[in-house]
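Reader: I'm new to this one. Could you walk me through how to read it?

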Amino acid sequence: MKIETLRWAHDRLEMIDQRILPAAFEYVSYHSAAEVAEGIRGMVVRGAPAIGVAAAYGVALEALKLSQTVEGRHSGLDLKSSGSNKLDSRLRGNDGTEDFNAGLEEGFKVLAASRPTAVNLFWALQRRFGNALPRKRSSRSRSVCWPRRMRFWPKTSASTRRWARTARPCSKTGRGC
Amino acid sequence: MGANGAALLKDGARVLTHCNAGALATAGWGTALGVIRSAVAAGKKNVAAGKKISVIADETRPFLQGARLTAWEMVQEGIPLTLITDNMAGHLMARGEVDAVIVGADRVAANGDVANKIGTYMVAVLARRHGIPFYVACPLSTIDLNIATGAGIPIEERAADEVKGFRDCHWAAEGVQVRNPAFDVTPAELVTGLITERGVLKQPDARGVRQLMG
């Protein structure tokens, strides 16, 4: 029998509730990094490799959630503002990229603190997303737009995921394009 | 990893495991239980290559991963399993009823020290006393070259409630002081072999781990 300890379902992560197994076989749904971290802490999922997988999904959920809120807020802003205001807000670095990066970093922290002994968790976070972590300005950085490109993650293509691992904020503005 | 480890097990081996290092712990085949499943599964394709393996599972207090999760997985799989409480392992070993021990790992330090579920150290000491091979099955992602020895691995201390009872049932005296470290460190010298996807590292030490990680 193939046991699906964790599975991705459209826009959420589902994990077998290992607190109640084998008395009951149930999946619990998760929608954010904080929820996944709570699941790890509460032993819904346990075992170092499985925790690493859960944490990677946790970051994906957070990216998905953040990209939706950032996109929503800024498209709302665009409806009300004129073209020049929109341009101004972009020039001021107010396009949501910073919110997104800060939110994602917060997600990392809460996941990394959930199970200190299991190293695979840190391994998964570093390996999958370490290079995509928000960084300070770099002279050799590439122009990127986090929210837009990550909107459909993890359904993005392999090339976009490769790109996401090496992404840097724009060299001129120090933020997403 | 499973095939690498399966080669270490004799036909008819009685394998003791602690905690759960199966599909539920890995989102896949499993590490320690993966080795056992591989040894058994070989027989489905080629009867001569298959081994009759039976599992002895420590119940693994306080969270009972052995009694609940390992036992459940092995029943699903149809692999014979005998459940014991943690304090029975020494007795069975002394009577010659255990041929090998295989456990998983939460973190392996650069010198081969192994952090795993609380109680693993106790099993490793017992295995050494009785001359029983003690294997640790883990992917390379569990090996942390940034930590020199097991002393540097942070050990999570969990809530007292887990020791005082389970879910709604409480048996400890009210107001009693409790310790609940969730993991312990087994020194590398007690480890017979580290079973990984890249092969088996026998008698792990700093040099061997470095070579394994390439």
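Reader: Is A:Phe25 buried, exposed or partly exposed?

Author: Burial is read from relative accessible area: buried is under 20%, exposed over 50%, partly exposed in between (1.4 Å probe, protein chains only). A:Phe25 comes out at 41%, so it is partly exposed. A:Tyr27, at 26%, is partly exposed too. Keep in mind that this is a predicted model, where local features need pLDDT of at least 70, side-chain atom pairs need 80 or more, and totals for chains, interfaces and linings use all residues. Residues are numbered from 1 along each chain, chains are lettered from A and ligands numbered from 1 as written, and side-chain values use heavy atoms, without hydrogens and water.

Reader: How many aromatic pairs does the structure hold?

Author: A ring pair is described by the distance of the centres and the angle of the planes. Rings of Phe, Tyr and Trp (its six-membered ring) pair with centres within 6.5 Å; planes under 30 degrees apart are stacked, over 60 edge-to-face, the rest tilted. There are four over all chains. In one of them, A:Phe25 and A:Tyr27 have centres 5.8 Å apart and planes at 90°, so they sit edge-to-face. Ring pairs also join these two and B:Trp72 into a cluster.

Reader: What area do chain B and chain A bury between them?

Author: Interface size is often given as accessible area lost when the parts come together. Here that is about 2,600 Å² (1.4 Å probe, summed over both parts), with 57% on carbon and sulfur atoms. In chain B, B:Leu24, B:Trp72 and B:Ser141 lose the most area to chain A.

How values were computed: Buried area is the accessible area (1.4 Å probe) that two parts lose on being put together, summed over both.
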